[in-house]
Amino acid sequence: MEKAMNIGVLGAGQLGRMLALAGYPLANRFTFLDTTGHPSAGIGDVMIDTDQKHLASFLEKVDLVTYEFEHLPVALVQAIEEHRPVHPSSEAIRVCQNRAEEKALFDRLAIPTPAYRLVESAEELEAAARELGTPVVAKSVTEGYDGKGQAVLKDPGEAADAWRAINHPRLIVEAFVNFVREVSIIAVRGRDGEVAFYPMAENQHVDGILRYSIAPMPDLNDSVQQTADGYIRALLDELDYVGVLTLELFQCADGGLLANEMAPRVHNSGHWTMDGAVTSQFENHLRAIQGLPLGDTAARMPTCMVNVIGREGELAAILALPDAHLHRYDKSERAGRKLAHVNLLAPTHEALLKRVHACAALLPEAPEPRFSFE
Ligand code: AMP
């Protein structure tokens, strides 16, 4: 193997922190470029650069660049690509930071999505709600995450209020999907085009924020996993993608899948892989971008990831649960902030659910865990 690389990471939050933790055994070093002024990685060499003055010294330090945050100026990533390899590419960022581009790509690759319209005024929003039939979900085309910049309209007459509340020049309006559950598929593609797929996860969101992910799902039909594998492979190949990609989907009553959105990076719904899979999403991302062989993506055991949000609660008591693994991000408590997650493992889903409920009871802000197969 060649000399271990110094990896440059754009963004310096908990995803970057966990990338570094996975890279140290491979002797990687990490240099983070934070453009927000609020880095939380707490690890590696963190450069704060809110006015793009330190790009040259960042580039001097690193051999290869990746990112943990896709809401970056595409021009910045393109400028970096002139000097260092960037994986995934700026093209993946360009598509994934814009819901209209993402939908157009899904359409082009025949990946089913909820019916949608693009609108640029309150009047167009109202007309779209009428055409699609309420309820509809309106989302800002850019800059939305964790359910921010969104509104559900129960009636077309709510368009003016929703338009004002979202306050964005361009929205995507989607038919409201009466899904059975929300799921995600995570896959990794190497520089040589090899692809590996993780078992899909069932995800419980509350107020647009992920709270629980469980994988593998006990009742998932093989053909559904294969369908999801096919969708994400089409995306990976089309973008000539290198690294980990996440696709969030809705599963409907007939078993069918509708793509919601994708993220060009390691993802919260893949944190279960840190303890529950043979190779974690973080390690596999690092292997992929460095041109190393991909690791096995199989699950070791039924696993549930529990997000710790807002307040940390009785973490020592959580560690007393059997096969519980705590990952803290070393951040201060604040309402709605992701502070840590717990991975719980058990030999059966029945035993796992008991542990999940016990864990949730120890977290002050945790909603009731509820899975579609319970
Ligand atoms: P998003 O930011 O697109 O992932 O949306 C945040 C959450 O809103 C999702 O996880 C869903 O729970 C919900 N949601 C988004 N789009 C729809 C839709 N078209 N139909 C029903 N629920 C949706």
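Between domain 1 and domain 3 of this predicted model, 5 residue pairs are in polar contact, counting pairs where both residues have pLDDT 80 or more. Which parts of domain 1 do the touching? Let's look at its side of the boundary: α1 (residues 14–23) and β4 (residues 64–67) each bring at least two residues to the side that touches domain 3. The largest share there comes from α1, with 7 residues. If you sort that side of domain 1 by class, you get 9 nonpolar, 5 polar and 3 charged residues.

Now for charge meeting charge. How many salt bridges cross the interface of domain 1 and domain 3? The rule finds 1. You can also look for Glu70 and Arg265 in the structure: their side chains meet in a salt bridge, with 2.6 Å from N to O. Glu70 falls in the stretch 6–86, which is domain 1, and Arg265 falls in 179–360, which is domain 3.

Let's step back and take in the whole chain. It's split into three pieces: domain 1 covers 6–86, domain 2 covers 115–175, and domain 3 covers 179–360. Where domain 1 and domain 3 come together, the contact takes 17 residues from domain 1 and 19 from domain 3. Try finding the middle of each of these two domains: their C-alpha centres lie 23 Å apart.

Finally, how much surface do domain 1 and domain 3 bury between them? It comes to about 1,700 Å², and 68% of that is on carbon and sulfur atoms. So much for the area; as for the residues, remember the 9 nonpolar ones on domain 1's side.

Conventions:
Residues are numbered from 1 along each chain as its sequence is written. This is a predicted model: local features need pLDDT of at least 70, side-chain atom pairs count only at pLDDT 80 or more; totals for chains, interfaces and linings use all residues. Side-chain values use heavy atoms; hydrogens and water are left out. Domain bounds come from an automatic or database domain assignment. Contact means heavy atoms within 4.5 Å. Buried area is the accessible area (1.4 Å probe) that two parts lose on being put together, summed over both. A salt bridge is a side-chain nitrogen of Lys or Arg within 4 Å of a carboxyl oxygen of Asp or Glu. A polar contact is a pair of N or O atoms within 3.5 Å; within protein, one must be able to donate a hydrogen and the other to accept it, and residues adjacent in sequence count only if both atoms are side-chain atoms. Helices (H or I, at least four residues) and strands (E, at least two) are DSSP runs, numbered from the N terminus. Ala, Val, Leu, Ile, Met, Phe, Trp, Tyr, Cys and Pro count as nonpolar, Asp, Glu, Lys and Arg as charged, and the others, Gly among them, as polar.
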